[in-house]
4 protein chains.
Amino acid sequence: MKAAIINVTGYAGVELARILHRHPSVNLTCVTGRSAAGQRLGDFFPHLSDIDLTIEADLNGSVDLVFSALPHKASAEACAPLLKQGIRVVDISADFRINSAAEYEAWYGVTHPCPEYLEEAVYGLTELTRSQVRSASLVANPGCYPTGAILALAPAVKYGIIEPDIIVDSKSGVSGAGRGLSLLTHFSEVNESVQAYSVDGHRHLPEITQELGKLSKGFEPSITFLPHLIPMTRGILSSCYASIKAGAIPLNDKGKKELTDLYREFYKGETFVKVVSVPPMTKHTLGNNDCIVFPTLDVRTGRLMAISCLDNLVKGAAGQAIQNMNVMFGLPEDEGLTQLALYP
Amino acid sequence: MKAAIINVTGYAGVELARILHRHPSVNLTCVTGRSAAGQRLGDFFPHLSDIDLTIEADLNGSVDLVFSALPHKASAEACAPLLKQGIRVVDISADFRINSAAEYEAWYGVTHPCPEYLEEAVYGLTELTRSQVRSASLVANPGCYPTGAILALAPAVKYGIIEPDIIVDSKSGVSGAGRGLSLLTHFSEVNESVQAYSVDGHRHLPEITQELGKLSKGFEPSITFLPHLIPMTRGILSSCYASIKAGAIPLNDKGKKELTDLYREFYKGETFVKVVSVPPMTKHTLGNNDCIVFPTLDVRTGRLMAISCLDNLVKGAAGQAIQNMNVMFGLPEDEGLTQLALYP
Amino acid sequence: MKAAIINVTGYAGVELARILHRHPSVNLTCVTGRSAAGQRLGDFFPHLSDIDLTIEADLNGSVDLVFSALPHKASAEACAPLLKQGIRVVDISADFRINSAAEYEAWYGVTHPCPEYLEEAVYGLTELTRSQVRSASLVANPGCYPTGAILALAPAVKYGIIEPDIIVDSKSGVSGAGRGLSLLTHFSEVNESVQAYSVDGHRHLPEITQELGKLSKGFEPSITFLPHLIPMTRGILSSCYASIKAGAIPLNDKGKKELTDLYREFYKGETFVKVVSVPPMTKHTLGNNDCIVFPTLDVRTGRLMAISCLDNLVKGAAGQAIQNMNVMFGLPEDEGLTQLALYP
Amino acid sequence: MKAAIINVTGYAGVELARILHRHPSVNLTCVTGRSAAGQRLGDFFPHLSDIDLTIEADLNGSVDLVFSALPHKASAEACAPLLKQGIRVVDISADFRINSAAEYEAWYGVTHPCPEYLEEAVYGLTELTRSQVRSASLVANPGCYPTGAILALAPAVKYGIIEPDIIVDSKSGVSGAGRGLSLLTHFSEVNESVQAYSVDGHRHLPEITQELGKLSKGFEPSITFLPHLIPMTRGILSSCYASIKAGAIPLNDKGKKELTDLYREFYKGETFVKVVSVPPMTKHTLGNNDCIVFPTLDVRTGRLMAISCLDNLVKGAAGQAIQNMNVMFGLPEDEGLTQLALYP
C-alpha cells in the first residue's frame, strides 16, 4: 500500500517518515512541506538520508492513506478534500478528536472548518477503539498526553473502582512542543529547569474527559490536568490520582495485587500496553510504541496512583498513527512497530 | 561567631561550606569527614580551593554552632554530646524533625538514639517557626520536599480554604539523592528519563503532614505525596492539589486574584518566599535561598493548584540551615544569603 | 544461526541483545551474566521484556557464534576455550585488538591470558578489514573511539595527503564509561559539565596508531588523543587535525571539494559510512550503525579537519559486532542494522 | 559610582545586572532594552525581582561607566557618543577587540562605525593587560572563547616553549549563542548531541591570534580554532595543542612538573586564574569568575596540552567586564566577584 505524509517537516511528520521507511507493507510515496518544498528529505533531515524522496509543496500521485501532521485547523482543511475523494486519513492534529464542534471551538479558538466529519471520525486510541478504527475512513489520532492519561486510568474507570475526581500530573519532554522556535523551548531556558504550563487549562483536557467518560455509563470525570515541561527530549510520564470507591479494593498489599491483576486483565493480549509492578521510567519506551502502565494504591489515603509512560512522538503520535493504519488496512497491528526501546 | 560542619563531604555539607565562606559574620573553623580526613578541603572539592581548611576526622576547637550533615541516626548520635556541652546545633538530617519517636522509628526503621531531645527540637522552616528558632538550641532543618510542599500549602491551610485531601506531586533534581553512588543516580540511567520513586511512601511525608496539621486547629491532612526524579542537578518543583472548601473562594478570575492576595498577605515581609502570578521555573531559584510560590485555581473542578519551586541544596538544605543560624544568633536573616539565582 | 552473549548485563551486552532480538537470521539462544544469573532478562532490563530468556551463569547449549562483552582479560579467558572448540567469537573487549602482547600488557597492565590467538585475531573495523573478517574465527571488535577516529582519518592516510602528526580530540557521551558506578559517571557530577580525562594516555590510542599505520606503507602516525566526557548518554564526535602535505590538496574551496570527493571515493558502496559536506551531529546517529564523516580544510593553516560521529554503543560496539557477524556468516552486511537514527 | 547597562535583555546583559546588583561599590542606575522598554526588570527576568529598575529605551541620567551588551556594530554606534562625552565604556561586543579595521570588516562583514576609537581601545583580558585597562576609557571585553584559549596558552607563548602551530578545540555550553531563537539552540536539537560549527572560521579566531602574537616578539601563531556546541547551558572548555620546541621542556614527568611551575609563576598573584594539576571540569567554574588552567605534556609526541575552563557568561563576558571596571576605577579587582562556583 501507498502512504503520504502532509507536513513532514515537524517532529511528528518526520517521525512518521522514519518509522514508515522500515514498514514492510507500506511505500511512503509522497511527503509534503510548504517551507521546505523542493529539498531532498535527506538534506532537510540528515538521519533520513536513506529515504529517496523530495519534499513536495502538495500531495501528488495516488495513495491509499494520508497522514496529516499539520497544525489544527490547517489539518482539517487539508483532510476534507481527501476524505471527499475517498482517501483514508489519519489526522495527527486535534481537529477531529473532540466530538462536539462547540467544545472544539471553545478550546481551540477557531471555527471548525468541516464539522460534518466529526461524527464519522474515530478517536484512535487503538487499544480502546480498535473495532471502530478497523473500518474508519478518518482516524483522529489522540494527543500525546491523553494517550498516557487515558491508558493509565481506563481500567480503573471501566471496572468502576475510582471516584470521578481525578488529578493528572504529567511531565513531558520538550519535543512535544514541536520544532517551532520559542523561548519556552530555547535550550538555555529549558535545560536544568522544570515548570508547569497551561495552568488555565491545556487543550488536551477535553479529550481525556470525553474518552474516559465513554468507558463507564454515568461516569462523569472531573479532571484537573497539569502538564510540566522537563529537560529531556522525548517521553511523557503521567501520574494520575483518584480516590478508590469505598470497598472497591482492599487498602493493603493484597489490594495492590488485585489492582495489578485487574489492569493485566484489561490489557490482556495487548502488544503495546505493558502493565508492570515497579515504577516505570520513560527511558524504557524511548523510540518504541509501548505505553507502560503501573497501577498502585496509596493505602494510607485510599487513593489510586496510576503512572504511565510513553514516547510522545511514537505511541503519543507517529507510532500510534501507524498502529491505527495497520488496523485500518488489516495488517498485523505491530507491523513496523516492533523496535525495542533505546536504553540507556 | 565560629561554626563547624560535620560531614562536609556530602552535597549538603559542601553547600554549607560554600555559602558560609562568604558569610560576613561567621568563621567556618572546622569541617569534618571521616573518609576524607586529612585532605585539604580545596583538593577534595576544587571549587572550594579558596577556603583554607583541612578536613578533620572529628570536631576540634570551640565553636558556637555546629551544622550536622550526617545521615540519619549517625547525626543524632553526633549531635547529642554537643547539645550536652551547650553547643547549638542545626541538624540537616531527619533525626529531630518528627515529634514522635515511634513515628520516626516506623518511617526510618531505626531506634532513635536520643529521643529525649525531640521535645526541645524546633522544626526550622524559618518562615513558619521563626520565633521558636530564635531561642532554639537544636534546630531540625526541614527536608527538601517538605520545605517546598509546606510553603506552597501553608496559607491555604492557615486560612482554612482547602479540604484536607491533598496531593503533592514533586519533581526533583538528582542532587537530592546525594553524592553516594547508585544506579538510580548513574548518569546514563537518569538522563533523558523521568520516574516516580518511593511509591509506597517517602520518608518526607510525615513531616509534611505533621507541620501542615499544626497550622490550623482540627485540620488533619490526608496527603498523597509522590516524588519524581527528573534529569537535572538542582531544583524541586512541587505541584500541590486540594479541593477548595465550598464557598471559600469564588471559582473564577476574581477568586484567583483573591487567592494570590491571601498568599501575599501570609508571606508579607518574607525575604525568601516570593508569591508570583505566573508559573515559576526552578531555574529562577538556582543557587539561591528563594522559594517561589504560585497559587492558582482550577476553576472547572474547584481545586487549588499551588506550585512551589526552590533549590533543594539551598532553601531545601544548606541555605535554610544558615537562615536558621542567622535567626538563632540575632543576625540579619538574609546575611550571607543574598545571592541572586544563576540564570540561565 | 544461533548466537550467545557473554556478560549481557553491561551496556554493550544489553545493546547486543536489543539488536539481535530483531535480527531476521539469528536466534539469540543464551545470555550470561554472573551477578544476575537466574533472573529473567526482561526483569533485569525492562526494555527487553519481549525477549524470552533467563540470564545464565555460564554459556549453555550449542551456538554458532559468541559475542563476549566481558571486561578485558576476563574476556580473553572466556574466549580461549570457545575458540578451541571451534566456536567463532566476536570479542567486544580490547583483548585481541592490539597485535603485540607486549604493547597490550604495557597499556592494560595485565599479562595477556592467551597471546597465541593474537595473530589470528582480525581487527574488525569492517569497512577496512572486511575480507579478513569474512573468514575470521576471532574478531576483535574495535573500541568506540578508534572506530570514529580511524574512519575519519583513513582516506587521508590511504591517499597520502596528511603528515603523520595527528591530533584526535574526542567528545563522548557517558554510556561509554559503562554501567559500573563511579563518581565520574554520577549524574550530578557529569551533568552541566565537560572534562578531559586519561590525559596521560587513553588505552584506545595504540589501536588508532596501529590501524592507521597499516593503511599506508611507511606512514608512522604520531598521535595525540584526548577524550572528553560530555553530558549526554550516547554518541562520540571526534575532531581530527593533521597538516596537509605540501601540494597534496589546494588550500581553497576547490580543495575542500576535492577532499570530499576523495573521501566519497574511499567509502563508495559503504552502507554505514556517510561522507557529508556539513558538520554532522551525534544526534543523527542515535541508535543506528552509521558513522558520519565530514572532511574539510582549514585553508588558513593548511590543515585537514576531519570530524566523525557515531553512536558509541552501536557502530562503536554492538552494532559493529553484529556487522562483523553478518560478514563472517555471509549474511547481508546490514541485516538487523537498518534502523534509522532516532531524531530528535 | 554609577553604572548602566545597554541592552540588558540578552544573556550577557542580564548577567551583568545580576552581578552588579551585589557589587558593594556600584549603583546600577539604568538598564536599557528596546524590545522590553517600560517593563520592570524583575518582570522580564524573575530572578532579578529584587532589583528595583525599569527597562528604559535609552540611557538616561549621568553615569560613570556604561557596559554595552549590544550586538556588534550596534554597540560601536552606541558607544561612540558616550566616549565623546567622556563616559568610560566597557564594550562586551566584538567591535573594539580587533586592532585593524580592515580585519574587523573582513570577519564581521560590516564597515566599522567608528574606527577612530580602535587605537585607544584596550583589549581587556585583565590578567594580561591590567596596566592599560587601569587608565582606559574604552575597554574591549574579550570574547568567551578567546578568554579561555589565550589564558591557556599565554604562559607557553610568553616563555617561548611552543611552536606557532596551534590547535584550539573548544566545547561550549549553549548560552554562548545568546537568547535569540534559532534551530541551533532549540532544545530538542541540541540536547543529547554535540556538533562542531563555524568550520570555515569562527569570528573569535582573529582575537586569539592577535593577542597571543603580542606576547612574544616574532611569534606568529598559526591557529586552527574549532568550536563545538555541547548540551549544557554554561561553560567552555578549551583543549589547546602545540608542539613543544625542541629541548624547551623535558618530555617526562619532570617536564610536566616544570611546565606547571612555569604556569604558576606566570599567574602568580592572580585571583581568577587557577593553575591546577588535574584535568578541570567546567562545573567547577559555574557562576564564578575563575578560569582554571591545566597544562600538561603528551610525552609520546612532544606536545603541550593546555586545557582551560570558565563560565562563558562570567569570566567569558559579564564577570570579566566587571573585573575590568574594578581595575578602571581603582577598586579591589575581585570586588563583587568573590562568589564560589555552584557545585554540583
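In this short talk I will go through one sheet in chain C and then the interface between chains A and B. Please keep in mind throughout that we are looking at a predicted model.

Let me begin with chain C, where seven strands form an open sheet with parallel pairing, and where the order across the sheet reads β3-β2-β1-β4-β5-β7-β6. The edges are taken by β3, residues 55–56, and β6, residues 122–123, and because each of these strands of chain C has a single partner, one side of each is left without a neighbour in the sheet. Further in, β5 of chain C, residues 88–91, pairs with β7 of chain C, residues 138–140, in the parallel sense and over three bridges, and within that pairing C:Val89 stands opposite C:Leu138. Helix α3 of chain C, residues 74–84, lies across β1, β4, β5 and β7 of that chain, and runs at about 165° to β5.

Turning now to the interface, 47 residues of chain A are in contact with 47 residues of chain B, and the area buried between these two chains is about 4,200 Å², with carbon and sulfur atoms giving 55% of it. Between chain A and chain B there are six salt bridges, and one of them joins A:Arg303 to B:Asp165, with the closest N and O atoms 3.3 Å apart. There are also 35 residue pairs in polar contact between chain A and chain B, counted where both residues have pLDDT 80 or more. On the side of chain A that touches chain B, the elements that each supply at least two residues include β8, α7, β10 and β14, and the residues of that side divide into 23 nonpolar, 12 polar and 12 charged.

Key
Residues numbered from 1 in each chain as written. Chains lettered and ligands numbered in written order. Predicted model: local features only at pLDDT ≥ 70, side-chain atom pairs only at ≥ 80, totals over all residues. Heavy atoms only, no water. Pairing = 2+ DSSP bridges. Helix = DSSP H or I, 4+ residues; strand = E, 2+ residues; numbered from the N terminus. Contact = heavy atoms within 4.5 Å. Axes fitted to C-alpha atoms, helices over the stretch in contact; angles between N-to-C directions. Buried area = accessible area lost by both parts, 1.4 Å probe. Salt bridge = Lys/Arg side-chain N within 4 Å of Asp/Glu carboxyl O. Polar contact = N/O pair within 3.5 Å; in protein donor to acceptor, adjacent residues only side chain to side chain. Nonpolar A, V, L, I, M, F, W, Y, C, P; charged D, E, K, R; others polar.
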